[in-house]
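Me: Please take a close look at one helix in this structure. Tell me what it packs against, and keep it brisk.

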Amino acid sequence: MVRIFIDSDACPVKDEVYRVAGRYGLHVFVVSNRMIAVPESPLIERVVVDSGPDVADDWIAERTVNRDIVITADIPLAARCVEKGSYVLEPKGRRLDRDAIGMALAMRNLMTDLRSVGVMTSTGTAFGKADRSRFLSELDTLVVRARKPRCGPNAG
């Protein structure tokens, strides 16, 4: 059974995930380190973890398995989940797979290094309607792909 994990702190697409998951009957874990509102549904489970760096990330990474879907903008968490065979989708609709994760990690590390020496870096563009639409389209595609039976050792 395909499941969806949301790294929910500051995630702007939770409502979209709930709608798609409801359409397909998928279980959703909404993981955060504080109490947040979630819809009343047997398919949606709120998980509140202890405060601290990477506690929510660790909870998700320890439980996600092959073909689960993880929604996160956290690149190190994405890398851990991709390694386990999960599908990873950023809130702006970019899929992070084995081909994309290396570049995303390198870029994240570069920006972190630049900020540590005082270089001003941009935080990217604001989240907009086009991002929401791209996210919905890609999430639907991933759900369909994740639910299909795989054939052969390298299918996917």
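Reply: This is a predicted model. Start with a helix pair. The crossing of helix H1 and helix H5 is right-handed. Glu-16, Val-17, Arg-19, Val-20, Arg-23 and Tyr-24 form the H1 side of the contact. On the H5 side are Arg-132, Phe-135, Leu-136, Leu-139, Asp-140, Val-143, Val-144 and Arg-147. By character, eight of the contact residues are nonpolar and six are charged. None is polar.

Now the geometry. H1 covers residues 14–24, and H5 covers residues 129–147. Their axes come within 10 Å. They cross at roughly 30°. Angles under 35 degrees count as roughly parallel, so H1 is roughly parallel to H5.

H5 has a second partner, a sheet. That sheet is open and has six strands. Their order is E3-E2-E1-E4-E5-E6, and the pairing is mixed. Strands of a sheet pair through backbone hydrogen bonds, either parallel or antiparallel. At the edges sit strand E3 (44–48) and strand E6 (95–96). Each of these two pairs on one side only.

Look at the E6 end. Strand E5 spans residues 87–89 and pairs with E6 in the antiparallel sense. Two bridges join them. Val-88 has Leu-96 of E6 as its bridge partner. H5 packs on the sheet here, touching E5, E6 and also strand E4 (69–71). The direction of H5 makes about 175° with that of E5.

To recap, H5 contacts H1 through the residues named above, and H5 also packs on the sheet.

How values were computed: Residues are numbered from 1 along each chain as its sequence is written. This is a predicted model: local features need pLDDT of at least 70, side-chain atom pairs count only at pLDDT 80 or more; totals for chains, interfaces and linings use all residues. Side-chain values use heavy atoms; hydrogens and water are left out. Axes are lines fitted to C-alpha atoms, for helices over the stretch in contact, and angles run from 0 to 180 degrees between N-to-C directions. Helices (H or I, at least four residues) and strands (E, at least two) are DSSP runs, numbered from the N terminus. Angles under 35 degrees count as roughly parallel, over 145 as roughly antiparallel, 65 to 115 as roughly perpendicular and the rest as oblique. A crossing is left-handed if the near helix is turned anticlockwise from the far one by less than a right angle, and right-handed if clockwise. Contact means heavy atoms within 4.5 Å. Ala, Val, Leu, Ile, Met, Phe, Trp, Tyr, Cys and Pro count as nonpolar, Asp, Glu, Lys and Arg as charged, and the others, Gly among them, as polar. Two strands pair if DSSP finds at least two bridges between them.
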